[in-house]
Amino acid sequence: MAETWQDIAARKQRQRADRIPSQWKLSPSHIPAESRTNLLSVPRECGLLSDQELDITENYDASALVAALSSGKLKAVDVTTAFCKRAAIAHQLTNCLTEIFFDDAITRAKQLDDEVNKSGSPTGPLHGLPISLKDTFKVKGYDASIGAAALCFKPAETNSALVDLLLQQGAVLYCKTNIPLTLAALDSHNNVFGRTLNPANTALTAGGSSGGEGALIAMRGSPLGIGTDVGGSIRIPAMCNGLVGVKPSHGRVPYAGQEAGSLPGSSKLGIEATAGPIARTVRDCELLLDVVGDASPWLFDPDVLPHSWTQQLPLLPPPSSRPTKPLRIGIMRTDGHTLPLPPIANLMEEISHHLRHPPLPFWHPIEVIDLDLSPLGPKCLKTFNGVMSLDGANYWFDLLAQTSEPLSPWLQNRLKRRPAKTLDQVRDLKAQISALQTQFLNVFKEDGGNPNTNQKAKAPRSLDLILCPSAPHPTPPIDSWNTTNYTSLFNLLDLPAGVLPVRPLLPQDLQAEFPDQGLPGPLNGWDAINRELWTQRGDRGVWLGGMLCVQVVAPKLMERRLVQGMRVLEGVLGPMGRSGERGEGLRSEGGRSKL
């Protein structure tokens, strides 16, 4: 008799639990009561981590770890053990891990220490750095089940392209992290592994589809994680967990060889997913993109452009030079489809004012331009939704049927089996994408493509960056995420985009209301649902614990400009109140910044 999906899930969870050493398991006295919603300090309180392990996991970011490992100040085995141990603790609290390979990681770390002792040189620019991976990445010998019972206990025979590259550069891979069933939900729940919790407030979503990465990094169980993004799956978990996340354009970071929840070749017909970093600081995301870009990634994945990180045009002048022109930033407040809730609208106004009137003189002048992109947003959403349903979800329904596995509750009323689109329909959608991408080129032109601008009066200029909300609401309660258009918009347009935490959501933010006058009725059903999140969901106090974040967007394939711009913004927006949970006390040494 064939195993049921319940049997497979139970066996998979036992396998996962058995891979955590017994001495790393929390005692019942350190498992918080359900009434405790903030779990961030439990690893520090539980007594399982030594002083050195607390120092390694709390006082270094990835860039500082690389510097300390390369110089011999820290040993790879000590750093790896510290993060394996903290990841185990984080998992017991938030259910963030899927595959655990701590033993392999510690063995590799010892080998790296032996090699550096013999040669005197580190093994690559990521020597000894622990890096966590979303479950979609294939690691030889381990499952890439993506939360589907039918894919469990079928270990990968080869590594994903980026896995091979990271190992070549000296990284230590030690765990994979949880995702939502079908990879198309915004809350990381599946029937095999269960639900990942947001460690800052367990009543809020941890996001998806890289939600396990977000929760793990927020718990300091990983210094640097890799997610994937086809509609917001890096940026949404970054926002939900108060982290930095960067989605590159397609062709910048190897993506090949993943379990993507679709038939091989499907991505070529729709929107290409991309892989990118999630971390606590912008410089750590830059570190990952820098190392990958200069490691000849086109030798690992034929879709990657033969164009190194150092060959990309920088956004900023060398540190020894004075800026000759201001950084030009466009601010987009709404996508024209779902209006931001009051805290998000107010945040964008605060950011606009802060950039125009910084409290202290800033070394790089900034020019701010207001953008109205509301006519484009609904068009992009319609096309995106069409492209995301090319196969009518038949792959997933066929996969689930193998074990009679049901959809997750959130998906049951949202995902239906439909006929696959015809060749003519696919071609028409690809034409729509091309037209929208061409139209959006005008947005980066002088004054956001404003036709009233007198181009002859001055030399042509273009926007360097666009700022917009990451979502039309703050981090919402579990299974309450509304539209993804604020993120999926930039997947459709294939623009690099990152999320940057600005400040915590404060009690006074909960008092904000829609304007008494001038607000139109709901623009559509999505807009109506979004407003109900704020007006009809009872006590708004449930939202506390989330971070308010901004999304930063650059022109296509300009990832170096994006992260340099994010570092500028990280500095200039700091006085708005970005809390020390994400950076105070971090070691300052290290980093491979090439500004």
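## A walk through a two-domain model

In helix H3, which covers residues 51-58, the buried residues are Glu53, Leu54, Ile56, Thr57 and Glu58. Keep in mind from the start that this is a predicted model. What do the buried residues of H3 pack against? Their partners are helix H2 (42-45), helix H4 (62-71) and helix H5 (76-94).

Just after H3 comes a residue worth looking up. Aspartate 61 sits in the loop between H3 and H4, and its salt-bridge partner, arginine 283, is in helix H10. The two are 222 residues apart, so this pair links distant parts of the chain. Their side chains meet with N and O 2.7 Å apart. Are these two buried or exposed? Aspartate 61 is buried, because its relative accessible area is 4%, under the 20% cut-off. Arginine 283 is buried too, because its value of 18% also falls under 20%.

### Two domains, face to face

Now zoom out. The domain assignment splits the protein into domain 1 (5-31 + 43-299) and domain 2 (327-451 + 459-512 + 545-578). Going by C-alpha atoms, the centres of the two domains are 24 Å apart. How many residues of each domain are in contact with the other? It's 58 from domain 1 and 60 from domain 2.

Together, domain 1 and domain 2 bury about 4,800 Å² between them, and 64% of that is on carbon and sulfur atoms. On the domain 1 side, Arg235, Met239 and Ile271 lose the most area to domain 2, together 15% of what that side buries.

What about polar links across this interface? There are 28 residue pairs in polar contact, counting pairs with both residues at pLDDT 80 or more. Several elements each give at least two residues to the side of domain 1 that touches domain 2: helix H1 (5-18), strand E4 (189-190), helix H9 (235-240), strand E7 (244-247) and helix H10 (282-293). H9 gives the most, with five residues. Sorted by class, this side of domain 1 has 28 nonpolar, 19 polar and eleven charged residues.

The interface of domain 1 and domain 2 also has three salt bridges.

### Salt bridges around the structure

Side chains of opposite charge can pair when their charged atoms come close. How many salt bridges does the whole structure hold? The count is 28. Here are a few of them:

| Pair | Closest N to O distance |
|---|---|
| Arginine 283 and aspartate 61 | 2.7 Å |
| Glutamate 286 and arginine 567 | 2.8 Å |
| Arginine 235 and aspartate 229 | 2.9 Å |
| Aspartate 370 and arginine 333 | 2.7 Å |

You've met arginine 235 already, as one of the residues of domain 1 that lose the most area to domain 2. Arginine 235 is buried, and so is its partner aspartate 229.

The salt bridge of aspartate 370 with arginine 333 has another setting. Aspartate 370 is in strand E10 (residues 366-371), while arginine 333 is in the loop between strand E9 (327-332) and helix H11 (342-356), so the pair ties together parts that are 37 residues apart in sequence. Aspartate 370 is partly exposed, with a relative accessible area of 45%, and arginine 333 is partly exposed as well, at 25%.

Some charged residues join up in a network rather than a single pair: salt bridges link Lys12, Arg19, Glu99 and Asp143.

### A few unusual backbone spots

Most residues other than glycine have a negative phi, and most peptide bonds are trans. So where should you look for exceptions?

Start with the peptide bond from glycine 208 to serine 209, which is cis, with omega near 5°. Serine 209 is in the loop between strand E5 (194-195) and helix H8 (211-218).

Next, alanine 393 has a positive phi, near 65°. You'll find alanine 393 in the loop between helix H12 (376-387) and helix H13 (394-401). Alanine 393 counts as buried, because its relative accessible area is 13%, under 20%.

Leucine 557 has a positive phi too, near 65°. Its place is the loop between strand E13 (547-553) and helix H19 (559-572). Is leucine 557 buried or partly exposed? With a relative accessibility of 21%, leucine 557 counts as partly exposed, because buried means under 20%.

Definitions and conventions. Residues numbered from 1 in each chain as written. Predicted model: local features only at pLDDT ≥ 70, side-chain atom pairs only at ≥ 80, totals over all residues. Heavy atoms only, no water. Domains from an automatic or database assignment. Contact = heavy atoms within 4.5 Å. Buried area = accessible area lost by both parts, 1.4 Å probe. Salt bridge = Lys/Arg side-chain N within 4 Å of Asp/Glu carboxyl O. Polar contact = N/O pair within 3.5 Å; in protein donor to acceptor, adjacent residues only side chain to side chain. Helix = DSSP H or I, 4+ residues; strand = E, 2+ residues; numbered from the N terminus. Nonpolar A, V, L, I, M, F, W, Y, C, P; charged D, E, K, R; others polar. Buried < 20%, exposed > 50% of the residue type's maximum accessible area, 1.4 Å probe, protein only.
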